[in-house]
Amino acid sequence: MGETQSADSAGGRPAAWGHVVVVGAGIAGLAAGLRALDLGARVTVLEASERVGGKLLPGEIAGARVDLGAESMLARRPEGVALARAVGLGDRLQPPATASASLWTRGTLRPMPKGHVMGVPGTAAALAGVLSDEGLARVGRDAELPPTEIGEDVAVGEYVAARVGREVVDRVVEPLLGGVYAGDAYRISLRSAVPQLFEAARAHASLTEAVRALQGRTATAPAAGPVFMGIEGGIGTLPLAVADALRARGAEILTRTPATGLRRTPDGWRITAGDRELRADAVVVAVPAPAAAGLLRAEAPAAAAELAAVEYASMALITLAYRRSDAAALPEGSGFLVPPVDGHTIKASTFASRKWGWIDAQDPGLTVVRTSVGRYGETEILGRDDDALVEVSRHDLREATGLSAAPVATRVTRWRDGLPQYPVGHHARVARVRAHLAGLPGIDVCGAAYEGVGIPATVADAHAAVDRLRGAAGATADPVPGARGGAGE
């Protein structure tokens, strides 16, 4: 049985900050490993699957490189873009070629409204063309309502519907939130999912006033560049580049090596992984909440119980490649979102060749389109086979855009339990997990289940976890600029 142990070269004693084991090689775990290297640790990363990257997955269709998982990252937060630059991908960062998108609602594609915060308008006029006359009138009555006591948290849908009407939630907020969390707006936490709106709403008498205040801050801020950023070759190349950087600096990444046991020892931690037993001065657990709960159950049962209660949504991405001449029916723009209330099966479609110049440039005769299906609580659609998911995607694309041609190639990528849910009280749950672990030296957690599901948020969470461990080890660390970030995206 293999054994790895860090020791002080002077006396053979375990070093105060020597060997860090990271469990999980998704983008959070890889970012944690790189951060630990920056702060002087020796690093081993354990990954149960055969590859690194988690929900970031590069692939191919009809000879063109594409993303089969997440395709972009928020660029207004610095952590994701900074990580890409740190591992040599700076010259491959690309903003979308077009930022215009649509809503497929009430029987037609309508331009995505502007002048809102996650679908919540500052004025009724911002949603003209999407809401009915009654819905627009309801938005206008927000200013006449008495202030709403939000308390420590509230569901996005519940609060927004009470202030500006359910139609705003069903037609605009729900599809936007669904694109991020694959969740239910009437369950999702305002504090965790849209923290800036939560804070603004607590400080203003009406919701529309809070939105206008946020917009005013944005309007007076310096130009911040693109909202989103992709990478030539796919966002899925980011974890591969981080893994290469880790290996180049001496870190060990072990795939097909699930961590099955985690025990505290007098001088650190013992991790059982396959037929190996590793010893570490510190451990970063960067796996989804259920797996983290299993690992922590013996040493941190209260934290494990909290993590075991975190729910997930599953989804599938359907990638379709068409001859360019057959896809002429597609409208301009980057794609569209679909409100669940309209009763369609797909929840979104991305015209990938229109959105990303690097995809378009690979084959001028090819058009790549993506659709997604699956929201929290939906099980029937994801039980269908791949051919059925392709067929329902083609049906909805035909209804929305008129695209009726047969694709030349298709791929279905299923993400079982791919997105953690942030219900009301999520912020408090994360705080309890952190508190339970604070009394256990040398261990921390990070990933999408805590402070945000997007790439920048998970990278920031990884950096913060490593910084806490390094600080607890009694050493000072110079933080990487932008390494820490607020909750949510």
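Two strands pair if DSSP finds at least two bridges between them. With that in hand, let's work through this predicted model.

**Exercise 1. Work out how strands 2 and 3 pair, and place them in their sheet.**

Step 1. Look at the bridges: strand 2 (residues 19-23) and strand 3 (residues 42-46) share 5 of them, in the parallel sense. One to find on screen is His-19, whose bridge partner in strand 3 is Arg-42.

Step 2. Now widen the view to the open sheet of 5 strands, which has the order 13-3-2-17-23 and parallel pairing.

Step 3. Check the edges. Strand 13 (252-254) and strand 23 (443-445) each have a single partner strand, so one side of each is left without a neighbour in the sheet. Neighbouring strands here are turned by 15 degrees against each other on average, direction ignored.

Step 4. Add the helix. Helix 1 (residues 27-38) packs on this sheet and touches strand 2, strand 3, strand 13 and strand 17 (282-285). The direction of helix 1 makes about 170 degrees with that of strand 2.

**Exercise 2. Trace the open sheet of 7 strands and find which helix packs on it.**

Step 1. Follow the order 9-8-19-20-21-18-22, and note that the pairing is mixed.

Step 2. Strand 9 (108-111) and strand 22 (409-420) are at the edges; each has a single partner strand, so one side of each lacks a neighbour in the sheet. From one strand to the next, the twist averages 25 degrees.

Step 3. Zoom in on strand 18 (residues 312-323) and strand 22, which run antiparallel and are joined by 9 bridges. Here Ile-318 stands opposite Val-412 of strand 22.

Step 4. The helix you are after is helix 5 (residues 166-181), in touch with strand 8 (102-105), strand 18, strand 19 (335-337) and strand 22. Its direction makes about 115 degrees with that of strand 8.

**Exercise 3. Describe the largest nonpolar core and the surroundings of Leu-238.**

Step 1. Start with the general expectation: in soluble globular proteins, nonpolar side chains tend to be buried together.

Step 2. In this model the largest nonpolar core has 47 residues, and Trp-17, Leu-238 and Val-242 have the most contacts inside it.

Step 3. Several elements give two or more residues to this core, among them strand 2, helix 2 (78-86), helix 9 (237-248) and helix 16 (455-472). Helix 1 gives the most, with 8 residues.

Step 4. Select Leu-238. Leaving aside neighbours within four places in sequence, its contacts are Ile-27, Leu-83, Ala-84, Val-87, Leu-89, Ile-231 and Ile-455.

Step 5. Another core, of 40 residues, lies apart from this one and includes Leu-103, Tyr-159, Val-169 and Ala-185.

**Exercise 4. Classify the ring pairs that link Trp-104, Phe-336 and Phe-351.**

Step 1. Keep the cut-off handy: planes over 60 degrees apart count as edge-to-face.

Step 2. Trp-104 and Phe-336 have ring centres 5.9 Å apart and planes at 80 degrees, so this pair is edge-to-face. Trp-104 in strand 8 and Phe-336 in strand 19 are 232 residues apart.

Step 3. Phe-336 and Phe-351 are also edge-to-face, at 6.1 Å centre to centre with 70 degrees between the planes. Phe-351 belongs to the loop between strand 20 (348-350) and helix 12 (352-355).

Step 4. Finish with burial. Trp-104 is buried, Phe-336 is buried with a relative accessible area of 2%, and Phe-351 counts as buried at 2% relative accessibility.

Note on methods. Residues are numbered from 1 along each chain as its sequence is written. Side-chain values use heavy atoms; hydrogens and water are left out. Helices (H or I, at least four residues) and strands (E, at least two) are DSSP runs, numbered from the N terminus. Axes are lines fitted to C-alpha atoms, for helices over the stretch in contact, and angles run from 0 to 180 degrees between N-to-C directions. Contact means heavy atoms within 4.5 Å. A nonpolar core is a set of buried Ala, Val, Leu, Ile, Met, Phe, Trp, Tyr and Cys residues joined through side-chain atoms within 4.5 Å. Buried means under 20% relative accessible area, exposed over 50%, partly exposed in between (1.4 Å probe, protein chains only). Rings of Phe, Tyr and Trp (its six-membered ring) pair if their centres lie within 6.5 Å; planes under 30 degrees apart count as stacked, over 60 as edge-to-face and the rest as tilted.
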